[in-house]
Structures are given as structure tokens and as C-alpha cells.
Amino acid sequence: MLVLITYDVNTQTAAGRKRLRKVAKECVNYGQRVQNSVFECQFDTVKFRQVKAILENMIDKEKDSLRFYNIGEKYKNKVEHIGIKPSFDVKDTLIL
């Protein structure tokens, strides 16, 4: 399933900036950054629960927020892209 992860981490303190870097580094491990604090990730149900728990433990729930949008399997007709950073199919083979 395609899941959109978004986050807003309060960066007014050094601790907040550290949390922001940690959340961003963790998200990079699982998906494609499509905007500064937005990632498209392909998960099965178990992996989604694991990643959600990891990220939830990284933030300060009094100052930060996480959002998870489950787009599902039939996401191609639900996602429209306009502008820079052309999107790619997260299920396609990645060649390095």
C-alpha cells in the first residue's frame, strides 16, 4: 500500500532540530521524499505498523505532529503531480 508520511517538528530549540533530522533520516530509509516533510512510502501492513511506532517514539507529542495517509494499492489515479521533482512509481525497479 502507498502511505504518505508528513511531519511537522518544532525546530525552535536544538532538541527540536535534532528530532527533525532524526525523523527525516528515518523516513529516507522507507520512501521517496516528495516535499521537505512529505514522503511517499510503499509498505505492507506489518512494516507500516513498525515504521509508525518508530517515528511516534521519535517525536515530542506536545510540540510535533505526524500524519499518515493510507492511499492504498490503487494510488495511480489518486495522485496528481504538477511542477518540479517528477514523480516515479515507487514499485518500479530502482537502478543505481
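1. **Buried, and a case of it.** A residue counts as buried when its relative accessible area is under 20%. Val 9 has a relative accessible area of 8%, so Val 9 is buried. Keep that cut-off in mind for the points below. Note also that this is a predicted model.

2. **The overall layout.** The protein has 2 helices and 4 strands. Read from the N terminus, the elements run β-α-β-β-α-β. The protein has 96 residues, and 30% of them count as buried.

3. **Around Val 9.** Where does Val 9 sit? Val 9 is in the loop between β1 (2–8) and α1. Follow the chain for 11 residues and you reach Leu 20. The C-alpha atoms of Val 9 and Leu 20 are separated by 5.7 Å. Look for this pair in the 3D view.

4. **Helix α1 and its charges.** Helix α1 covers residues 14–28. Lys 25 is found in this helix. Its relative accessible area is 63%, and a residue over 50% is called exposed, so Lys 25 is exposed. Lys 25 also belongs to a patch of positive charge on the surface. The other members of the patch are Arg 17, Lys 18, Arg 21 and Lys 22.

5. **A buried charge in the helix.** Is Glu 26 buried or exposed? Glu 26 is buried, with a relative accessible area of 15%. Glu 26 lies in helix α1, as does Lys 25, which is exposed. Glu 26 can also be paired with Ile 54, 28 residues away along the chain. Their C-alpha atoms are separated by 8.5 Å.

6. **The first salt bridge to check.** How many salt bridges are there? The count comes to 2. One joins Arg 19 and Asp 64, with the closest N and O atoms 2.6 Å apart. Arg 19 lies in helix α1, and Asp 64 lies in the loop between α2 (45–58) and β4 (65–72). The two residues are 45 residues apart in sequence, so the pair ties together separate parts of the chain. Both Arg 19 and Asp 64 are buried.

7. **The other salt bridge.** The side chains of Glu 56 and Lys 61 also meet in a salt bridge. The N to O distance is 3.0 Å. Glu 56 counts as partly exposed, at 34% relative accessibility. Lys 61 counts as exposed, at 53%. Set this beside the pair of Arg 19 and Asp 64, where both residues are buried.

8. **Two cysteines, no bond.** A disulfide is a covalent bond between the sulfur atoms of two cysteines. A search of the whole structure finds 0 disulfides. Cys 27 is in no disulfide, and the nearest cysteine sulfur belongs to Cys 41. Why is there no bond between Cys 41 and Cys 27? Their sulfur atoms are 6.1 Å apart, and a disulfide needs them within 2.5 Å, so they are too far for a bond. Both cysteines are buried: Cys 27 has 1% relative accessibility, and Cys 41 has a relative accessible area of 0%.

Methods: Residues are numbered from 1 along each chain as its sequence is written. This is a predicted model: local features need pLDDT of at least 70, side-chain atom pairs count only at pLDDT 80 or more; totals for chains, interfaces and linings use all residues. Side-chain values use heavy atoms; hydrogens and water are left out. Patches are made of residues with over 30% relative accessible area and no salt bridge: like charges are joined within 9 Å, nonpolar side chains (Val, Leu, Ile, Met, Phe, Trp, Tyr) within 5 Å. Accessible areas come from the Shrake-Rupley method with a 1.4 Å probe; for residues, only the protein chains shown count as cover. A salt bridge is a side-chain nitrogen of Lys or Arg within 4 Å of a carboxyl oxygen of Asp or Glu. Lys and Arg count as positive and Asp and Glu as negative; His and the chain ends are not counted. The place of a charge is taken as NZ of Lys, CZ of Arg, CG of Asp or CD of Glu. Buried means under 20% relative accessible area, exposed over 50%, partly exposed in between (1.4 Å probe, protein chains only).
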